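Trainee: I would like a close look at one part of this protein. Please keep the sentences short and take me through it step by step.

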Amino acid sequence: MLKFKLKSLAATAVALGLAASTAHAVPLRWAAQNDIQTLDPHSQNHATTNGINAYAYEGLTRYNEKFQPEPSLATKWTAISPTQIRFDLRRGVKFHDGTPFTADDVVFSFGRIKQPQANNQIFVAGIKEIKKVDDYTVDLILDGPSPVLLRNLTDFRIMSKAWAEKNKSVNPQDYKAKEDTFASRNAMGTGPYKITSWQPDQKISMVANKDWWDTNKGNVTEISYTPIKSDATRVAALLSGDVDLLTDLPTQDVAKLKADPKLKVLDGLENRTIFFAMDEGSDELRGASVKGKNPFKDKRVREAMSTAIDREAIKRSLMRGLSMPAGIMVAPGVNGNAPDIDVPPKVDLEKAKKLMAEAGYPDGFEVPLNCPNDRYVNDEEICQAVVAMWAKIGIKAKLSALPMSQHSVLLQKMESPLYLYGWGVTTFDAQYTLQDVIHSRTTGVDGKGNYSRVSDAKVDALVQAMKTETDITKRNAMIREALLRVRDEYLFIPVHHQVRPWAMRSNVETLHRADDKPQARFTTLK
């Protein structure tokens, strides 16, 4: 009888405990337009992927509420010399499987992210080597002084060496080769949330890490992230109460959502620029009607294409005012942007036609155009609008729109002669864009994201100089000169900087983030 009573009491206690934990569960249901590409934290430099992976994986530094770097897995850093920075690692931190975080994991993660198939090498740019001093100290050996080191490190995610070895994931996933690995489907970091499952194109589930080293400023205990491609379906999910937070708002619905008393809308400029890129390196354009030469090598053609785009019409009609026409490749809020240089060319079809004729293409030409259809605000619609604008100067762009997962592979294989892309500036410093997307492509970090074979010696020289220039005034002058060079040579065709409204249920309190990455640790549901 006593045994029965003890068992009954135990069962009752367990039941009460479960009821209490359930009562205190605070789920956040978040939806947006596109899915992640992988759970491998070193494989793909894709904003949604990086944003979700940041819930599970941490860096040596992180951003605070105002996007200033602060300690994370490192507690402090000391310059032994301009090219040797000592990082003291946080003690007592455990990975989600309970194993301790040590210097070995930092050294391992550096070796992993440096491999050629890793697409996130930009976040360790300028680091020659990471040396273990002891279990909780590492030295970063730099190529030269690095003004953006602490900002880069926010996205250098630390992976468990033991877990990677155990699960045959020592090497980063080769995404463009469609490789599938344990680390591309599972996550195991030190972060505030554990990713418990990922069903591609359906749902990502997370739970709060109760053993996290820091204190969560919000109260979210569970997160479900649902990619919903259809604009109407996403909005319906929010209106019906099936979703708490929506971060991809159709521009045509923003006013309606703002007027709904059950909802609230936060908005602000995103640090992302939407642009067209042209293959400027090939001797002949893949799939184009022009044979034996490449029209995009001619600045006059590039200028004509930019001059033919009516950015204000795109802002007015497609974006409903939720864009800022762009003249340069970085958005306001990014170091290097300035109103006096961020000036797009005025629409001038007669000038554009004259430039095309001078370049030897009075009747224009045909060329394939690749565009994502589930990544940026109205991405496919922007391409459709620009196709019509280019047709007025004889350029017949044959549009092919694909999901971002397929679009990314196409670009990384260097198979697109003309494409739409967007670039957010993780570091909030223009060097990030200039070094990754615009610098001539190399076998290393420089030009890793340059999928259009752009190559300009003056820009390259400025990038190399700004990497190690510690005089802020001199460095900012280099950034400005490089951005002007890119603008005035029409090396890319910026369209606009995105404005990103987020809509949420009225009981959700969160911080709008210019990097378009909501953080549950700054989110409270009332």
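Which hand does the crossing of α15 and α16 have?

Mentor: The crossing of α15 and α16 is left-handed. Keep in mind that this is a predicted model.

Begin with the two helices themselves. Helix α15 covers residues 457-466, and helix α16 covers residues 472-488. Their axes come within 9 Å. They cross at roughly 160°. An angle over 145 degrees counts as roughly antiparallel, so α15 is roughly antiparallel to α16.

Now look at the residues that meet. From α15 come K458, V459, L462, A465 and M466. From α16 come R475, M478, I479, E481, A482, R485 and V486. Sort this contact by class and you find eight nonpolar residues and four charged ones. There are no polar residues in it.

Pick out R475 next. R475 lies in helix α16. Its relative accessibility is 6%. Buried means under 20%, so R475 counts as buried. Compare its position with that of L462, a residue of α15 in the contact. R475 and L462 are 13 residues apart along the chain, and their C-alpha atoms are separated by 9.2 Å.

What else does R475 touch? Set aside its neighbours within four places in sequence. R475 is then in contact with P147, V148, N335, D429, Q431, M466 and E469. One of these, D429, deserves a second look. The side chains of R475 and D429 are joined by a polar contact of 2.8 Å.

Another of those partners, Q431, takes us to the next helix. Helix α14 covers residues 431-438. α14 packs against α15 at an angle of about 130°. Their axes are 10 Å apart. At that angle, α14 is oblique to α15. The crossing here is left-handed. α14 brings Q431, L434, Q435 and I438 to the contact. α15 brings V459, V463 and M466. By class, five of these residues are nonpolar and two are polar. None is charged.

Put the two contacts side by side. V459 and M466 of α15 meet α16. V459 and M466 also take part in the contact with α14. And R475 of α16 touches both M466 and Q431.

Between α14 and α15 there is a loop, and R453 lies in it. R453 has a positive phi of about 60°, although it is not a glycine. Its relative accessible area is 30%, so R453 is partly exposed.

Stay with α14 for one more link. Residues 431-438 make up this helix. Y432 and D436 fall in that range, and N45 touches both of them. N45 itself lies in the loop between β1 (27-32) and α2 (47-56). With a relative accessible area of 13%, N45 is buried.

Follow the side chain of N45. N45 makes a polar contact of 3.0 Å with the side chain of Y432. A polar contact of 3.0 Å also joins the side chains of N45 and N50. Leave out residues up to four places away in sequence, and N45 touches N50, N119, N120, I122, F123, W423, Y432 and D436.

Here is a brief look at some other sites, for practice. T251 sits in the loop between β11 (245-246) and α8 (254-259). At 5% relative accessibility, T251 counts as buried. Its side chain and that of N378 are joined by a polar contact of 3.2 Å. Beyond four places in sequence, T251 touches L318, M319, R320, L322, V377 and N378.

Then find helix α9, residues 299-307. α9 is mostly covered, with seven of its nine residues buried. Those buried are V301, R302, E303, A304, M305, S306 and T307. At the start of α9, a side-chain oxygen of D298 comes to within 2.8 Å of the backbone nitrogen of R300.

Last, turn to D516. D516 is in the loop between β20 (508-509) and β21 (524-525). Its phi is positive, near 60°, and D516 is a residue other than glycine. D516 is buried, with a relative accessible area of 15%.

Key: Residues numbered from 1 in each chain as written. Predicted model: local features only at pLDDT ≥ 70, side-chain atom pairs only at ≥ 80, totals over all residues. Heavy atoms only, no water. Axes fitted to C-alpha atoms, helices over the stretch in contact; angles between N-to-C directions. Helix = DSSP H or I, 4+ residues; strand = E, 2+ residues; numbered from the N terminus. Parallel < 35°, antiparallel > 145°, perpendicular 65-115°, else oblique. Left-handed = near helix turned anticlockwise from the far one by under 90°. Contact = heavy atoms within 4.5 Å. Nonpolar A, V, L, I, M, F, W, Y, C, P; charged D, E, K, R; others polar. Buried < 20%, exposed > 50% of the residue type's maximum accessible area, 1.4 Å probe, protein only. Polar contact = N/O pair within 3.5 Å; in protein donor to acceptor, adjacent residues only side chain to side chain.
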